[in-house]
Amino acid sequence: MKKLLIVMLSVMLVLGMVGCGSGGSSGTSEDGSSEEKSEKKADLIIEPIEVLSEEEVEEFTGYPVIEVSPSEQPAVGVKIAFFDLGDAGYVQLSLYQTAFLSNSNFANVRELYDNNKQNLEVYEDNVQGAGEDAYFSGLGLEAIEGDYSVTIMVSPSGEKSRQLSIDIANRVFENIKKLK
């Protein structure tokens, strides 16, 4: 029940940000024709467990993964893996990808990421060592590299979780590069 609530709250918050950031974009080019999806989409849709395995989560946290629960929300281009660590907490990877984004308000994940950064409460900006750009929000670590961005949520929170989030983001981006 706890993990379902966390996943649902995360998705609802992001969907709320999508509605706030439309900026009047209609998804058409200046000449009125629809943009080609192939021009704005990366070609590879990745499942979160392809870039962060149960074994890697166990290696990072030192705790066994009890269960992995996947979910997705195409409107914001996100696929989620919730790693339940039982009484030790959880790790959640939300993987946003341009290839999976089906919201005409955003041409790519970078636009969605920038919109969220503008609308979320940012606790720490310019986090070094995680992707091209990274910050901590109320959701956790938000980081982007290329056509993929991640939100890493780790419980319990604290200084150890901060570094753990950065390390996980780096591993995810490394693994994405290996898949491409």
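A salt bridge is taken here as a side-chain nitrogen of Lys or Arg within 4 Å of a carboxyl oxygen of Asp or Glu. By this criterion the side chains of glutamate 124 and arginine 162 meet in a salt bridge in the predicted model, with an N to O distance of 2.6 Å. Glutamate 124 belongs to strand E4 (residues 122–124) and arginine 162 to helix H6 (residues 159–179), so the pair ties together parts that are 38 residues apart in sequence. Both side chains belong to partly exposed residues, the relative accessible area being 29% for glutamate 124 and 23% for arginine 162.

Across the whole structure, 10 salt bridges are found. In one of these, lysine 117 is joined to aspartate 133, with 3.0 Å between the closest N and O atoms. Because lysine 117 lies in helix H5 (residues 109–119) and aspartate 133 in strand E5 (residues 133–137), this pair ties together parts that are 16 residues apart in sequence. Lysine 117 and aspartate 133 are both buried. A further salt bridge is formed between glutamate 145 and lysine 177, whose closest N and O atoms are 2.9 Å apart; here the link runs between distant parts of the chain, from glutamate 145 in strand E6 (residues 140–145) to lysine 177 in helix H6, 32 residues apart. Lysine 177 is exposed, with a relative accessible area of 54%. In addition, Glu47, Glu72 and Lys79 are joined into one network by salt bridges that share partners.

Strand E1 (residues 67–73) pairs with strand E2 (residues 78–84) in the antiparallel sense over 7 bridges, and within this pairing glutamate 67 has aspartate 84 of E2 as its bridge partner. The two strands form a hairpin with 4 residues between them, and in the turn glycine 77 has a positive phi of about 65 degrees.

The largest nonpolar core comprises 30 residues, of which Leu52, Leu141, Val150, Ile152, Ile168, Val172 and Ile176 touch the most other members. At least two residues of this core are supplied by each of helix H4 (54–61), E2, strand E3 (90–97), E5, E6, E7 and H6, with the largest share, 7 residues, coming from H6. When neighbours within four places in sequence are left aside, valine 172 is in contact with Val51, Leu52, Leu93 and Val150. Apart from the largest core lies another, of 13 residues, which includes Val76, Val78, Ile80 and Val109.

Two features of the backbone were also noted. Most residues other than glycine have a negative phi, and most peptide bonds are trans. Asparagine 126, in the loop between E4 and E5, nevertheless has a positive phi of about 55 degrees although it is not a glycine, and at 51% relative accessibility this residue counts as exposed. A cis peptide bond, with omega about 0 degrees, joins serine 155 and proline 156, the latter lying in the loop between strand E7 (148–155) and H6.

The mean pLDDT of the protein chain is 82, and 76% of its residues reach 70 or more. Over residues 4–9, however, pLDDT stays under 50, and the model has 8 contacts beyond four places in sequence for this stretch. The pLDDT is likewise below 50 over residues 11–41, a stretch with 42 contacts in the model beyond near neighbours in sequence. Where pLDDT is low, the predicted coordinates should not be read in detail.

Methods:
Residues numbered from 1 in each chain as written. Predicted model: local features only at pLDDT ≥ 70, side-chain atom pairs only at ≥ 80, totals over all residues. Heavy atoms only, no water. Buried < 20%, exposed > 50% of the residue type's maximum accessible area, 1.4 Å probe, protein only. Pairing = 2+ DSSP bridges. pLDDT = per-residue confidence, 0-100. Contact = heavy atoms within 4.5 Å. Core = buried A, V, L, I, M, F, W, Y, C linked by side-chain atoms within 4.5 Å.
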